[in-house]
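Please examine the structure below alongside its sequence. The explanation that follows treats the sheet, the helix packing and the ligand surroundings in turn.

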Amino acid sequence: VDTTVVIVGAGPTGLTLANMLQHNDIPCVVLERRSREFVENRHRAGIVDARVRRMYQDWGLADVLGGPPDDGILEFRVDGEAHLVDHATLSGGQYGWLCPQQVLVRGLIARFLAGGGDLRFETADVTPHELTGDRVRVTGTDPSGVTTTFTAPYLAGCDGTRGASRASLPAGAVATYTFDHEVSWLTILATAPPPPHPLLAVSEHGYAAQFYRGPKASRYYLQCRPEDEPADWPAERVWPQLRMRLGDDALPDGPITEIGRVDMRSEVCEPMSYGRLFLAGDAAHVMTPMGGKGMNLAVLDAETLAVAISAAVRDGDESGLRAYSATCLERAWRYQEFSRWMLEMLHDAGDASRVGPFRRRLARTRLAALFTDSTAARVFGEMMAGAS
Ligand code: APR
């Protein structure tokens with residue numbers, strides 16, 4: 001199969017790129033290892049920031065977003081005391097969307113297929129070859145065991161950290177910077193009324209948070225010890241801890257639909273391209289969930305790549321492709337810095353046994369500035385809205 005762009009991975013990044021290319025009449029094929037059902041039901045991120053909401057509007061894709069608008073207010077609850085930060089107003093009236101990732105993914109799949117897009121689920125053994133020639137060749141095997149070869153001038157690696165794209169890079173082609181934040185959370189999905197605003201709680205018991213994941217669904221984060229396993233945390237242990245850290249309101253003993261553990265880890269690959277392969281989204285960088293930027297950053301890569309490929313295909317202008325990696329990396333490091341800043345602040349300000357009293361006071365001072373210093377609050381508001 002001959003095409004212009006082979007996209008590996010049908011997560012938010014690959015699907016956003018596919019829709020943008022379709023919008024610009026550039027042929028592409030999307031190869032996804034998992035089934036449609038699996039991809040459409042994978043719960044992960046949940047906030048589309050103001051910058052990304054505008055992006056989907058600009059591309060005529062506003063209807064892929066579902067869920068309610070984000071009123072742009074965060075509640076920080078410090079030792080039980082509420083502090084509301086109106087980041088939408090702080091950023092000049094920009095607001096995002098409380099859109100669960102699976103809702104976005106479903107919307108993007110439906111739009112791409114309705115436009116006649118070529119999206120192949122359950123494609124096994126995807127393998128890129130000849131990354132530095134005139135065209136790349138990618139092989140993949142469909143569920144009936146038939147192997148197809150796809151050729152194209154451009155390959156978009158949107159298949160996450162452990163995908164086929166990263167694996168196809170020769171040793172030394174890309175440097176990987178990783179960081180372990182030494183913080184772990186239990187991630188809990190439950191049938192429980194979501195809070196009126198995303199709620200981030202700091203106390204000596206450790207960090208906890210609650211987010212909207214549907215009209216009757218909440219996502220909770222609960223800082224735990226790195227050695228804890230989800231099995232150590234039955235519902236009878238989870239709910240009292242959540243009540244202690246978040247407060248008694250809106251916390252029923254509802255059924256827990258999913259519980260997992262996530263270790264806070266960051267990663268950035270430099271450069272984000274090699275030959276005809278362009279890495280995008282999680283394939284190039286991993287963010288912690290803190291700050292809610294992972295999915296937003298990922299789909300901004302897709303836009304940068306869609307614009308660059310369109311210029312190359314339509315006008316023979318390859319400058320955007322040459323600048324792709326540097327443009328995306330500048331943004332990625334800014335987002336990593338923001339996320340780390342927030343993670344350090346909200347964890348160090350809590351359980352002092354982790355970092356000692358000096359760092360705890362520093363973190364509390366940083367946090368207090370958000371409530372008392374309008375300049376600090378505005379910088380925070382701008383980052384919450386997303387990079388311009
Ligand atoms: N072949 C084909 N597809 C693959 C392969 C492979 N070898 N390996 C992985 N994939 C698919 C996965 O099944 C998944 O659907 O690539 C897709 C990658 O999607 P995501 O992991 O969601 O990554 P991305 O689209 O970059 O989205 C990044 O969404 O999930 C969040 O934490 C993530 O917020 C970040 C954002």
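In this predicted model, three strands form an open sheet in the order E6-E7-E8, and their pairing is antiparallel. Strand E6 (124-129) and strand E8 (147-152) are the edge strands, each of which pairs on one side only. From one strand to the next, the twist averages 15°. Strands of a sheet pair through backbone hydrogen bonds, and the arrangement may be parallel or antiparallel. Between E6 and strand E7 (residues 136-141), which run antiparallel, there are four bridges. His129 can serve as a point of reference here, since its bridge partner in E7 is Arg137.

The helices may be considered next. H1 packs against helix H5 (residues 101-114) at an angle of about 30°, and their axes lie 9 Å apart. Because angles under 35 degrees count as roughly parallel, H1 is described as roughly parallel to H5. The crossing in which H1 passes H5 is left-handed. On the H1 side, the contact is made by Pro12, Leu15, Thr16, Ala18, Asn19 and Gln22. H5 contributes Gln101, Leu104, Val105, Leu108, Ile109, Arg111 and Phe112. Sorted by class, the contact of H1 with H5 comprises eight nonpolar, four polar and one charged residues.

A second helix pair is formed by helix H9 (residues 319-348) and helix H11 (residues 357-372), whose axes come within 8 Å and cross at roughly 120°. H9 likewise passes H11 in a left-handed crossing. In this contact, Glu344, Met345 and Asp348 of H9 meet Arg359, Arg360, Ala363, Arg366 and Leu367 of H11. The class composition of the contact of H9 with H11 is three nonpolar, no polar and five charged residues.

The surroundings of the ligand remain to be described. Which residues come nearest to the ligand? Of the 26 residues around the ligand, these are Gly9, Gly11, Thr13, Gly281 and Gly294. Helix H1 (12-23) and helix H8 (294-315) are the elements that give two or more residues to this shell. H1 therefore has a part in two of the settings described, since H1 contributes to the shell around the ligand and packs against H5. By class, the shell around the ligand holds eleven nonpolar, nine polar and six charged residues.

Key
Residues numbered from 1 in each chain as written. Predicted model: local features only at pLDDT ≥ 70, side-chain atom pairs only at ≥ 80, totals over all residues. Near = placed C-beta within 6 Å. Nonpolar A, V, L, I, M, F, W, Y, C, P; charged D, E, K, R; others polar. Pairing = 2+ DSSP bridges. Axes fitted to C-alpha atoms, helices over the stretch in contact; angles between N-to-C directions. Parallel < 35°, antiparallel > 145°, perpendicular 65-115°, else oblique. Left-handed = near helix turned anticlockwise from the far one by under 90°. Contact = placed C-beta atoms within 7 Å.
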